[in-house]
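Got your viewer open? Load the model, colour it by confidence if you can, and keep the selection box handy.

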Amino acid sequence: MRRPLKDEFIYGFLDAYGFAKSTITQIRNGAARNVARAAGDVGLKSQLYFHEIPEGESIHEAAERLKEIDTIKTHKIRFVIVTNFIELVAYDLKADERMETPFTDLHQQYSFFLPLAGLEKSYTHSESVADVKAAEKMGHLFDLIRERNQVTTAEDVHALNVFLTRLLFCFFAEDTGIFEKHQFTGAIKSTTHEDGEDVAEFLGKLFLVLNTPRDGSLRQSMPAHLNAFPYVNGGLFEQQVVIPVFGAKSRRLLLECGTLDWSQINPDIFGSMFQAVIDEAQRSTMGQHYTSVSNIMKVIKPLFLDKLYGELERSCGNEKRLQALLERVARIKVFDPACGSGNFLIIAYKELRRFEMEVFRALNAVSKQNVIFMTGIKLSQFYGIEIDDFAHETALLSLWLAEHQMHQEFQAAFGHAEPMLPLKASGNIAHGNSLQLDWGQVCPRVGADGTAMEVYVCGNPPFLGKGDRSASQTKEMEHVLGGLKGFKNLDYVACWFYKAADFIQGTDCECAFVSTNSITQGEQVGVLWPGIIGKGVLIGFAYQTFVWKNSARSNAGVHVVIIGLSNRVAAPRIFVESDGVLREFNATHINPYLLDSRSGPVISRSSSLCDVSTIMDGNNYTKCGGLILNRWEKDELLQREPAVGGWIRKFVGADEFLNAKDRWCLWMIDAKPDDIEAMPLVKKRVEEVKADRLLSDKKDTREKASLIPHLFPEIRQPREGQFLLIPRVTSERRLYAPIGYMDASVITSNQVLMIPEAGLFEFGVLSSGLHMDWLRTVGGRLKSDYRYSGSLVYNTFPWPDATDAQRKRVEILAEDILMVRENYPGKSLADLYDPDKMPDDLMVAHKALDETVESLYRPRPFRDTSERLEHLFARYEMLIEQEHQQKEAEAAVKKTRKPRASKAIATE
């Protein structure tokens, strides 16, 4: 980059950020608009102050001095810019941000000054800006440390993790009264050199002092500024680790971190945000790596807080019961077996401390003497497992910070609090693999005196679907779930539910986890839940599907559920969130689909539960690329080889059906070898298919290749008439899954299902909203879209009983839907069933059909989707029981039949 003339730089800078040319001219000519006092400086009210210094003078000291002068404050200057044309340092005083860069790289920092052009910086986080800034600054410090220090081995990484958590504590301590105000950063600034070379030595000695009691001999050998620091203990500074080497820039950034108000940092979320700084690529999405307080409360409130507050309400006015409640709270254990940086444990700790304070207030109201209360809740009651080393260290630190904040809250309420120092033992956070460790060893369920403990297991374990897992994670699943047939189809989170069921089985312990909603849908239900239910574990409460989303950049919502498990459930509760409103319903029993129903998992069937037409898969066209034609290929083939016309058929899969796309195939089911020989271009395509199949890893595919390469591997196509076509996958946005009739001359792919003998009654019921409810609940998902399964959705569907008149009414309304569709010949089914574009007359036709189909199940309309599903599950259970009884009766008849007489004739 070519260096601009020094005298012209600031004017070019102003021009680049859109300042009016008249303003620039006035400043150049020395007009009064320039509020700067020193010659050569440029100052614009509420905008910027530019100052040039000669080489050799400290640019950093100059910038620090300049931002404190009266002119800056009087004229509310936002940006302070200092340069020697080798380096440039700037402060954004409004955003409390600092930037330094080589002058030649200034163009890369253009976004720092964008507010000058009217483009304001914004933080789109629900978390406080203090957390964002602190995490970002610590991220930059982390980068500088790694530049100067080798961090390659596991020991190196662990040492750096421990070091960073100690820095965080020191910053927090000097802003919250644990240390003297500015004691930490003040000591660094006044006793270390600007080049940073002795910072590591200073910090090493400081950490030794912080781990030494007041009367320790080591302290006597230390200078006064170090000896003045208090004894911290608690294990935070106990481990001796290598202190990284600092330089001038990293020292400045260390001091800059100390200028933040760390008392405003939330340990609830900061630990998780700080994890993001370790990976530079994650910093743009900082904030999405934590679980918000409101979402954590959805878990712990019904798990244990509601019960505690209920007991408090019953105990008010009774001193003995209130004392017993305090003793109970002091024995409760909270255990997060996938704790990350400790979010759930921190919120649980804070809420239990606040609950304890409410009990103290209740005791004050009934006590006849002035009682001084002290908390009985200890960090050692909080347990966790975390596989990531840094998250593990951060969780321990965050619990200490949370304890200090609650001491302060306690003091504000009661006028006194326990001293923070020396630190007590922090939480029992194990560093290891949660799926390999024995949870009972990490968090004992029995106390030292042999009594059963009140343990609550909670958290937000990793989700990871089948396609997102590593080979090692699949092995872990086998270790935990190996006894379950089809366990590889489960989400990774299922391991935590299964281990939790083991952990709480036969105890008073309870559990609640956040999970992807897929473990309550489709085939996963039949794989996971029989094993959990078989342990005698019940669902005590559940949040039906809602979007788990934080207000963070690049944050995508995930559809989740919250499920609480217990051995004894007195009053099951179901929570439903809709349009931002959370509603609670009492239930008699919560099934694995999170509905008020005693129906167990719906299990796949090879035949329908009811007397309806048989459903079948479409034709399997695997390894048949040469037999499939697009429009251009079809037209060219017909032109060059007209004889092929008798062998070309329209070919339809889900995409073609829904989006009105054209594809064709060579359908040569009746072709003889001579027919193929007579068509060289077709023969070439058949040979391509044969070669492709011979390369297959599957034995049966290779065998078929040499015998019938001109045919699809699996053919199920009806020979005549019509069939009802159902796409295997349909968008989650649709109110109805589009289905329709096809002529047998249209060849299907295995992306669709076929019902060859389906009449209008079947079309009507399957097109209803009620059947769509069954699909949403019982069917699986492909990503977020609904996946229709013949064995799991169609064959298990509890069809209604219907009279001839009722069937006729459904058929008429079903035909109405088909007629309305014909009114829109230019629109695809995807367009017609897009909820934002669905024609009014088609919606009216579907609503009329919905009412009639629902009336087949009962005369009274259903209140909502939950009530419809509860009715469907009850009918499903009834039909299953009837089928079971029928089989038993048939078996009994066979058993009682007399044996046939022997043909052999006995001779005397």
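Here is a tour that starts with the whole chain and then stops at a few residues.

**The whole protein**

Zoom out first. What you see is a predicted model, so begin with the confidence colours. The protein averages a pLDDT of 87, and 92% of the residues score at least 70. For the high end, select residues 333-336: this is strand E6, where confidence is highest, at a mean of 98. For the low end, jump to helix H25, residues 699-707, where the mean is lowest, at 56.

Now select residues 122-129, where the pLDDT is below 50. Beyond near neighbours in sequence, the model gives this stretch 24 contacts. Try residues 281-289 as well: the pLDDT is below 50 there too, and this stretch has 33 contacts beyond near neighbours in sequence. Don't lean on those contacts, though: where pLDDT is low, the predicted coordinates should not be read in detail.

Switch to a cartoon view and look at the overall build. You have 32 helices and 25 strands on screen. Along the principal axes, the C-alpha atoms fill a box of roughly 115 × 80 × 60 Å. Of the 908 residues, 53% count as buried. If you turn on a contact display, keep this in mind: among contacts between residues at least 6 apart in sequence, 70% join residues at least 24 apart.

Next, show the surface. The protein exposes about 42400 Å², and carbon and sulfur atoms supply 50% of that. Colour by charge and you have 107 positive and 121 negative charges to look at, with mean positions 2 Å apart.

**First stop: Phe184**

Select Phe184, which lies in helix H7, residues 183-191. Is Phe184 buried or exposed? It is buried, with a relative accessible area of 0%. Show what surrounds it, leaving out residues up to four places away in sequence, and Phe184 touches Leu167, Cys170, Phe171, Glu174, Phe179, Leu203, Leu206 and Phe229.

Before moving on, draw a distance line from the C-alpha of Phe184 to that of Leu849. The two are 665 residues apart along the chain, and the line spans 73 Å.

**Second stop: helix H27**

Select residues 769-778 to light up helix H27, which is mostly covered: 9 of its 10 residues are buried. Among the buried ones are Leu770, His771, Met772 and Trp774. Keep Leu770 on display, as the next stop comes back to it.

**Third stop: Glu854**

Pick Glu854 in helix H31. At 15% relative accessibility, Glu854 counts as buried, because the cut-off is under 20%. Which residues is Glu854 in contact with, leaving aside neighbours within four places in sequence? They are Leu770, Phe862 and Arg868. So that contact with Leu770 links Glu854 to a buried residue of H27.

**Last stop: Arg858**

Move along to Arg858, in the loop between helix H31 (840-855) and helix H32 (865-896). Arg858 is buried too, with a relative accessible area of 14%.

Show its side chain and look for two partners. One is the backbone oxygen of Pro861, which the side chain of Arg858 reaches at 3.0 Å. The other is the side chain of Glu867, with a polar contact at 3.3 Å. Beyond neighbours within four places in sequence, Arg858 is in contact with Arg863, Glu867 and His871. Select those three together with Arg858 to finish the tour.

How values were computed
Residues are numbered from 1 along each chain as its sequence is written. Side-chain values use heavy atoms; hydrogens and water are left out. pLDDT is the predictor's confidence in each residue, from 0 to 100. Helices (H or I, at least four residues) and strands (E, at least two) are DSSP runs, numbered from the N terminus. Contact means heavy atoms within 4.5 Å. Buried means under 20% relative accessible area, exposed over 50%, partly exposed in between (1.4 Å probe, protein chains only). Accessible areas come from the Shrake-Rupley method with a 1.4 Å probe; for residues, only the protein chains shown count as cover. Lys and Arg count as positive and Asp and Glu as negative; His and the chain ends are not counted. The place of a charge is taken as NZ of Lys, CZ of Arg, CG of Asp or CD of Glu. A polar contact is a pair of N or O atoms within 3.5 Å; within protein, one must be able to donate a hydrogen and the other to accept it, and residues adjacent in sequence count only if both atoms are side-chain atoms.
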